[in-house]
Amino acid sequence: MNSVPGKFITFEGPDGAGKDSVLDAIIPDLRAKMGDKLVVTREPGGDPIAEQIRDVILDPQNTRMDDRTEALLYAASRRQHLQDVIEPALARGAVVICDRFVDSSVAYQGAGRQIGEQEVFALNQFATNGRTPDLTVYLDVPAQVGLDRIKAHRKDTQYDRLDQEETAFHDRVRAAYLRLAQANPERIVTVDAMQPLAAVIADVQAVLTENIPR
Ligand SMILES: Nc1ncnc2c1ncn2[C@@H]1O[C@H](COP(=O)(O)OP(=O)(O)OP(=O)(O)O)[C@@H](O)[C@H]1O
Ligand SMILES: [Mg+2]
C-alpha cells in the first residue's frame, strides 16, 4: 500500500506542543528549495467535504455527540482529505507534510475518550486503506505544559469543544502518544518539545534533513 513515489511525513503531539510554531519556522526554507515538490496540509485541508464533516465535529452546540460518532466523523474527514489531497500528491512524487493524522485519533479518541486505541486504529485502517506515514515527528510535552501554553496565548472565547475537556483527558492523550512512539520506533521520531522553541526547531530540521530526499 505504501508503494508511491512521494514521501508522507506527519507531525503529532498534544495540544500546544508546538506543531504550528515549528512548521511555520521550517516551511519557508523547504518551500524555497522544493517548490511544488512540497505539499503542506492539515486535516480537513481545505477539502470542502472533509471541512463540512469537521464543522459537525467542532460545533460547540453538538454537546451530545457520542464518542464513537466523533471517531467515525474524524475517520470520514480523514478519508476524504487523504483521497483528495494526500494520495494525488504522493502519486506525483511530492513530499507531503501533514499536521496530525491517524495517531491523533488513536491518542484523542482511542485513549482520551477511552474508546480503545486498537479499536480506533482498526477503524482508521479502513478509512486510510492502510496508508501509513513514512515518518512521524512527535513533539512530546506533558499535557499541562501544552495546555498552559495555549491558555497563555488565547482568549477563553476561542476555545472549541475539545479544549474544554479536563486535564485527565489530555494526560491520557500524551500517554498514548508515548506508547505509539515506543511501539513504532522505525516510523516515529520523538522530539523533546519542552525545550525552547529554537531548539525544537533545530531538532526537527535535523530529522527532516536526514529524511527528505534531495
Ligand atoms: N518550545 C516552546 N516553548 C514555549 N512556548 C512554545 C513552544 N512551542 C510553542 N510554544 C507556544 O505554545 C503555543 C502553542 O503552540 P502551537 O500552536 O505551535 O502548538 P500546536 O502543537 O500547533 O497546538 P495544537 O495542537 O493546539 O494545534 C503558541 O502560543 C506557541 O507560541
Ligand atoms: Mg496546531
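## Ligand 1 and its surroundings in a predicted model

Sixteen residues, given here as 16, surround ligand 1, and the closest of them are Gly18, Lys19, Ser21, Arg100 and Gln195. The structure is a predicted model, and every value below is computed from it. By residue class, the shell around ligand 1 divides into six nonpolar, five polar and five charged residues. Three helices, namely H1 (19–34), H6 (143–153) and H8 (197–211), each supply at least two residues of this shell. The space that ligand 1 takes is the largest pocket.

Polar contacts with ligand 1 include the following.

| Residue | Atom of the residue | Atom of ligand 1 | Distance |
|---|---|---|---|
| Serine 21 | polar side-chain atom | oxygen | 2.6 Å |
| Arginine 100 | side-chain N or O atom | oxygen | 2.9 Å |
| Leucine 197 | backbone N or O atom | nitrogen | 3.3 Å |

Taken alone, ligand 1 exposes 630 Å², and the protein buries 74% of that area.

Arginine 100, whose side chain has an N or O atom 2.9 Å from an oxygen atom of ligand 1, is placed in the loop between E3 and H4. The backbone of arginine 100 has a phi near 80°, which is a positive value in a residue other than glycine.

The loop between strand E3 (95–99) and helix H4 (102–112) also holds phenylalanine 101, and this residue takes part in an aromatic pair. The count of aromatic pairs comes to four. In one of them, the ring centres of phenylalanine 8 and phenylalanine 101 lie 5.0 Å apart with their planes at 85°, so the pair is edge-to-face, given that planes over 60 degrees apart are assigned to that class. Phenylalanine 8 belongs to strand E1 (residues 7–12), and the pair therefore links distant parts of the chain, with the two positions 93 residues apart in numbering.

A further backbone feature concerns proline 44, which is joined to glutamate 43 by a cis peptide bond with omega at about 0°. Proline 44 has its place in the loop between strand E2 (38–42) and helix H2 (48–58).

Note on methods
Residues numbered from 1 in each chain as written. Chains lettered and ligands numbered in written order. Predicted model: local features only at pLDDT ≥ 70, side-chain atom pairs only at ≥ 80, totals over all residues. Heavy atoms only, no water. Near = heavy atom within 4 Å. Polar contact = N/O pair within 3.5 Å; in protein donor to acceptor, adjacent residues only side chain to side chain. Areas by Shrake-Rupley, 256 points an atom, 1.4 Å probe, with all protein chains shown as cover. 1 Å grid on protein atoms, 1.4 Å probe; cavity = no way out; pocket = protein on both sides within 12 Å on 5 of 7 lines; lining within 4 Å. Sits in = over half its atoms within 2 Å of the grid points. Helix = DSSP H or I, 4+ residues; strand = E, 2+ residues; numbered from the N terminus. Nonpolar A, V, L, I, M, F, W, Y, C, P; charged D, E, K, R; others polar. Phe/Tyr/Trp six-rings, centres within 6.5 Å; stacked < 30°, edge-to-face > 60°.
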